[in-house]
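Reader: I would like to learn how to read cavities and salt bridges in a protein model. Could you take me through them slowly?

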Amino acid sequence: MTNAASTGFQTFSSLGDTIQSWISGYNIPEWLTITIFLGLYFGLAVILAIIIVYVLAYTERCITNVFAPYNAVDEDESKKHKILMPLAHFIKLFLKEGFRPQNCQNALFFVSPIIMFSLILCAFCLIPFGSSVIFLNQNFSGLFFMVFFLMALAIRFLAAYAGGGKFSFIILMQEIQENIALSIPMLLCLLGVSIMAGSLNINDIILAQAASYGIFGWFFVTELIAAGIFFVCVLIFFDKTQLYNLNAPVDTVFGYKSEYSGVKLAIFEFCEYLMLFVISLFFVCLFFGGYLSPFGAYILPEFLIFLEQIFWLLIKTFLVFLIIIAIRIATPKLSSARLLEISYRILIPLSLINLNISILIQYFSGVR
Amino acid sequence: MREVTKDKIAVKIEPNHPITRDMIGFDVILDGEKISKINSNLGFSHKGIEKAGQDRYIGQYLPAIEKIDYFAPFFYSHAFLSALERLSEIELPLYAQYVRVLTMELNRITSHLSNLGRFMDVLNCRSAAFHFFNMQNEILNIFEKISGGRISCNYYVFGGVKNNICREILTEILNFTSKFKEKFKILQGFTKENPVFLDRTRNKGIIDTQNALEYSITGVNLRASGLNLDFRKEKPYLLYDKLEFHAPTVFEGDCYSRFALRLDEIKISVELVKQCLDWLLSNCEEKCNLEIKLSDICPKAGAAVSFTEGPRGLIMCHVVSDGGKKLKRVKWRTPSFYSIQILEKALIGLNLADFAVIFDSLDINSSEADR
Amino acid sequence: MCRRKRLEYRAFWGEIIMELEAIQAFKMLNNLKNKGFITLLSLMAEDLSPIETDISGGENFRLTYTLYNPVLKEFKEIQTIVNAEMRSVSTLFKSAKYDEMEIYDLFGIKFKNHPKLDRIFLDKNFVGHPLRNNYKMPETQTKKGY
């Protein structure tokens, strides 16, 4: 499609192709087709995001009931399923007054939640949901994904700075240190995996894990260290806030969200869940075979294969999400100094060792 | 951010802050990330209890006492009443003494559990916090069956207790003590064997014995620094000279030893409860209704002092009366008032993240400090 | 001219009580601290004047110091009667700093050589000392907000 190629994107998917050809059949100028295309994508992505976050919030509520049951309430009542609870929580936040503190930076204050949300959607569109359901298939999509994700995390700093209070300032310093210290091992793990797979394109990484013996061809077998490091980094990134905690993280009132209230706070909490979902999608694509089935072959016929691929992907991410939340509830929080020590002394050297091992394996088994 | 002077930031921790969740204000001067100076502002929950003691009749004053410290109401009631009973030279019946020891030890358990549960919440470990709170909740249900109130019960009367405890409630307490051992292993697993807990609390906020004695610190905080001082054995009141128990001491004096000592004290309180239950189950049909009208209590002229070992330290109550229906002067010595002074000294050089840890380990209650 | 009744003070659990004048009391406290009574458990103040007088002249307040020796495990009490001023013991006993601020706040007794004698519980602009016997509650009391 020359229209799309002129802007630099390469849309490779059958879904995108059909939609674009349908739109451009109406004789509209180029820029309008692109905007309609992107608008449809973002609209669909927002709806999907709302559904996903709702399901995730409900599962977190169910899991807290298992691990942290409050027996003061009547047992019959606590066993009733509170399926509308996330809705109630978000409606409550929407109805609150959007308070603007005196010392805040106006433009950043209003815009930072929206920037965070759009960056996550950009990262979301790089993940392949099936071999023919990819939205953007770029040559370096793994690296672009990490860039978008880390930028979304960096918006936390902007949000803390925009708040303008003294506690926000202290938080800012702490968070910058932690983010830098934890993102280096993640990038090194990604490099290790890409060397085993031969390219940084996520789709190629998934296809490199496809073998006839199914589950044992996935990268978590050969790159166990990298999988462990990545998982630990993800846990620590998202250890600080939970949706239904009664008492906020203590040493820094509410983190970077201290000065926000109302709709902006709702968007931040929404984005936290979405970030966790997106990074666990990435984790599954890198180490657990993405949309591949563990049996090595698909059950459904060819024209319905994309359904099965989406099914396998979502099941795996859901399991990873469950494990992360369960660990988050039951373990206490590390102090900031100890976190930095762990990352610089343990995680970075291990990830470098992993990188060396994968280079040596690839060198001795023939150059790809 | 407008008050940064050179490298130091002045931060105010206002009352009802998530760090302390208590009504104390602090003025903190931070040097980078470390605290260099700290001043405290008290008085946000000053209720004028000592003035109320002069304006109210004694029967009216008893419910007000229980609000001094809402986690240890039985101790304060006992402190006041034992001073009055000594003044009027009244001896309590044996049944009332056993019941008072039973309820006071149960109250000590709830206070320690709530302190530990709050600390696990500070560490953001919710399932641990709920284990502690659920256990506390069982005991609060027992209090409700005894007296009608969960937290402030108004159960002690001048000369004894209000009504007796029937056999079903005693069997419930017995069930609680028999299931306690397995649950205690879970609680220990969350605290003593948890590496993150150890990492957050070891070698922080060390208080040595000499300093503690000069700042007049008593109770768990002093026993964790190495000196074995327990006012239940120094000045035995009620039945503590007949019951068998032994409060342990630890020698390090850091935050971890204080928390670990509170856990061990829960075990000892359970043993004391079992000893009281043995006697009470065989003599539970005694009557102890005293028919004194609340407004007619009239102690003799004079003055007296009572010593009580509360969960946070030593509680002293001075009572001065001139023979009338209202007291002339009531003075309370509360332990949290003195813990705040040593907090200001122990925090210099540490991060804000350690502030919450040390605050919770010293077991400070602002309502008790302000009276 | 009203007569003041001296209340009988009973020894409770065998403590030794000494009643001294202000200057002697300070010296005695110093001595006891050097002998090992390092803990000041509590500091209590009482108003001895009768309830309905307007003039506060003569001796009015009684202070009670309770000391403890952790090695010998002994208690001692020292009482003094002061007018409106007393020498501060915060150099000897560190825990006395807040005690004396509280007594100044509620009774109005001033302590010399105290590092920072300020109101601690009540508002900084409060007028009057509530626990005195001749304190009358005003009908309205204004308080400055933050």
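Author: This is a predicted model, in which local features need pLDDT of at least 70 and side-chain atom pairs count only at pLDDT 80 or more, while totals for chains, interfaces and linings use all residues. Residues are numbered from 1 along each chain as its sequence is written, chains are lettered from A and ligands numbered from 1 in the order in which they are written, and side-chain values use heavy atoms, with hydrogens and water left out.

Reader: How many cavities of 30 Å³ or more does a search of the whole structure find?

Author: A cavity is a set of points, on a 1 Å grid over the protein atoms alone, where a 1.4 Å probe fits but cannot get out; points are joined across faces, edges and corners, and a volume is the space filled by probe spheres set on them. Here the search finds seven of 30 Å³ or more, and the second largest holds about 70 Å³.

Reader: What is a salt bridge, and where do Glu50(B) and Arg371(B) lie?

Author: A salt bridge is a side-chain nitrogen of Lys or Arg within 4 Å of a carboxyl oxygen of Asp or Glu. The side chains of Glu50(B) and Arg371(B) form one at 3.2 Å, N to O. Glu50(B) belongs to helix H1 (residues 49-55) of chain B and Arg371(B) to the segment after helix H15 (366-370) of chain B, so the pair ties together parts 321 residues apart in sequence; helices are DSSP runs (H or I, at least four residues), numbered from the N terminus.

Reader: Are Glu50(B) and Arg371(B) buried or exposed?

Author: Buried means under 20% relative accessible area, exposed over 50%, and partly exposed in between (1.4 Å probe, protein chains only); both Glu50(B) and Arg371(B) are buried.

Technical notes
1 Å grid on protein atoms, 1.4 Å probe; cavity = no way out; pocket = protein on both sides within 12 Å on 5 of 7 lines; lining within 4 Å. Helix = DSSP H or I, 4+ residues; strand = E, 2+ residues; numbered from the N terminus.
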